[in-house]
Amino acid sequence: MQPVKIKSALISVYYKDRLEPLVELLKQHGVTIYSTGGTQTFLEEQGAQVVAVEDLTDYPSIFGGRVKTLHPKVFGGILHRRDNDSDLSEREKYEIPPIDLVVVDLYPFEETVASGAAEADVIEKIDIGGISLIRAAAKNFKDVLIVSSREQYDEVVELLQEKNGATELEDRKRFAAKAFNVSSHYDTHIFNYMNAKEETQAFKQSVQHSMPLRYGENPHQKGTFYGKLEDLFEQLNGKQLSYNNLVDVDAAVALAAEFEEPVVAILKHTNACGCATGETMKEAYLNALSSDPVSAFGGVIIANRTIDLAVAEELNKLFFEVLIAPEYDADALDLLKSKKNRILLKQKPVELPNKLFKTLLNGVIEQDKDLATETEADFKTATKRQPTAEEKKALVFAAKVCKHTKSNTIVLATDKMIFSSGVGQTSRVDALRQAIEKANSFGFDVSQTVMASDAFFPFPDCVEIADKAGIKAVVQPGGSIKDQDSIDYCDAHNMAMVMTGVRHFKH
């Protein structure tokens, strides 16, 4: 098909910025411009001659601007088929001028919701005319070019300059695809707002921004991140984040969010191989590193306080993939930047979603985020012996880490650091034995620790193994029909066991 010269355009936009170069180009090519309201005023201020939509339709803007462009003369000008004799005859009969280009920038619905505006203000930002213009022009891409967002202005100016004010079918089809992306995204956010109580069971998500990754979990897999990572992090140094980096970073952020006190955690394959608090970041980091210095190699590290030079000097001795912190002192940052591929992220205070989902089989599963975090007030002592004040603090610490560790899991910890953990095992006994063996291999005395389990004990074997290792305080959800067997063993061996009533499986 031959290129189609743009002779007429309808422009209706909410935000007027960045429109000037396109307007100037349309003026140069003598394009007839139709518009209405604030857009018309803006265009005329740019020196463009504008035909008011009201003059085209012989109908005023009504209902406070809710109805402006919804008229057969507008939509007929967009939708009639230029190669259909019947359509052309009707266009002549009803004196409908053709419209070759439609430029729309929708009412800012998402921004209005994000601002916390009242429902009445949000509803008024549901665009009707604009979304209808987008769909009409995109449907008739054989004849009409649709520009559906101000993000596309630069691209369309470049296109029209290159092709002397004309477009080809492949150009119009490409912009039509962009248009349906805009309209579907817009409708998805409206639906999710209106369906906040989830009375309609439907899974709808739409993310406009994407970032290609070097690859997926493995080099032979393609990977893409959908989202605005820059809203959460400022990358200060290093190479591009990988798929696996992002999975570990997600786990690190979730774990660190559990702590108000200064904490450093080191993660490998989403599990904490070290996690500790301290009076300083240096102390917290060294304690976390001591839990498992072997696994820490190549890991992801997160701190919830400023990285100063003292801790940076220690960090600089270790090869790690990613470091996350809310702030970095200038001298610490200079030192850490000495390794050009080392990824340094400055975390911004952004609230993360409370819904989690992932693909599975031929569909998607969704769930509420696990927001339950047990404190001492949630502990219900099931044994005759009450845990000491120090043991209670340690049980809280261990439970927080346990919550963010792959099931089946056991965590051995004091009130300041984890000694070890057994992660992702097919039996809880294996998880406990792994944790004890690992702690012993690094010279830790597990009798100084308490034990946390992510789920109940179906048999008393775990408390028996813990007791023989010298562990005397345990936290677990409870809920097994054989809970009493574990309680009885603890009572017989002077162990304290508290139950939370909350399971924290993590698959």
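Reader: Let's start with Gln 40: is it buried or exposed?
Author: Happy to begin there, and please keep in mind that this is a predicted model. The relative accessibility of Gln 40 is 16%. The cut-off for burial is under 20%, so Gln 40 counts as buried.

Reader: Which residues is Gln 40 in contact with, once its neighbours within four places in sequence are left aside?
Author: Gln 40 itself sits in helix α2, which covers residues 37–45. With the neighbours within four places in sequence set aside, the contacts of Gln 40 are Ser 35, Val 50 and Ala 52.

Reader: Now to the helix pairs. Are α1 and α9 roughly parallel or roughly antiparallel?
Author: Helix α1 spans residues 20–28 and helix α9 spans residues 153–162; their axes are 9 Å apart and the packing angle is about 25°. Angles under 35 degrees count as roughly parallel. That is why α1 is described, relative to α9, as roughly parallel.

Reader: How many nonpolar residues take part in the contact of α1 with α9?
Author: On the α1 side the contact uses Pro 21, Leu 22 and Leu 25, and these meet Val 156, Val 157, Leu 160 and Gln 161 of α9. The crossing of the two helices is left-handed. Sorted by type, the contact has no charged residues, 1 polar and, as the nonpolar count, 6.

Reader: What about α8 and α10: are they roughly parallel or roughly antiparallel?
Author: Here the axes of α8 (residues 129–139) and α10 (residues 169–194) come within 9 Å, crossing at roughly 150°. Angles over 145 degrees count as roughly antiparallel. The orientation of α8 to α10 is therefore roughly antiparallel.

Reader: And how many charged residues are in the contact of α8 with α10?
Author: From α8 come Ile 131, Ile 134, Arg 135, Ala 138 and Lys 139, and they meet Ala 176, Ala 179, Phe 180, Val 182, Ser 183 and Tyr 186 in α10. This crossing is left-handed. The contact residues include 8 nonpolar and 1 polar, and the charged ones number 2.

Reader: Let's turn to the sheets. Which are the edge strands of the sheet that contains β10 and β12?
Author: That sheet is open, has 6 strands with mixed pairing, and runs in the order β10-β15-β14-β13-β11-β12. From one strand to the next, the twist averages 20°. Pairing on one side only marks the edge strands, and these are β10 (233–237) and β12 (271–277).

Reader: Within that sheet, which residue of β13 stands opposite Val 264?
Author: Strands β11 (residues 263–268) and β13 (residues 300–303) are antiparallel partners over 4 bridges. In β13, the residue opposite Val 264 is Ala 303.

Reader: Which strands does helix α12 touch?
Author: Helix α12 covers residues 281–291 and packs on the sheet, with its direction at about 145° to that of β12. The strands touched by α12 are β11, β12 and β13.

Reader: In the sheet that contains β18, which residue of β23 stands opposite Thr 381?
Author: This open sheet has 6 strands in the order β18-β23-β22-β21-β19-β20, with mixed pairing. Its edge strands are β18 (380–381) and β20 (418–422). Strands β18 and β23 (residues 496–499) run antiparallel, joined by 2 bridges. In β23, the residue opposite Thr 381 is Val 498.

Reader: Finally, what angle does the direction of helix α16 make with that of β20?
Author: Helix α16 (residues 428–441) packs on the sheet and touches β19 (410–413), β20 and β21 (450–453). Between the directions of α16 and β20, the angle is about 145°.

Conventions:
Residues are numbered from 1 along each chain as its sequence is written. This is a predicted model: local features need pLDDT of at least 70, side-chain atom pairs count only at pLDDT 80 or more; totals for chains, interfaces and linings use all residues. Side-chain values use heavy atoms; hydrogens and water are left out. Axes are lines fitted to C-alpha atoms, for helices over the stretch in contact, and angles run from 0 to 180 degrees between N-to-C directions. Angles under 35 degrees count as roughly parallel, over 145 as roughly antiparallel, 65 to 115 as roughly perpendicular and the rest as oblique. A crossing is left-handed if the near helix is turned anticlockwise from the far one by less than a right angle, and right-handed if clockwise. Contact means heavy atoms within 4.5 Å. Ala, Val, Leu, Ile, Met, Phe, Trp, Tyr, Cys and Pro count as nonpolar, Asp, Glu, Lys and Arg as charged, and the others, Gly among them, as polar. Two strands pair if DSSP finds at least two bridges between them. Buried means under 20% relative accessible area, exposed over 50%, partly exposed in between (1.4 Å probe, protein chains only).
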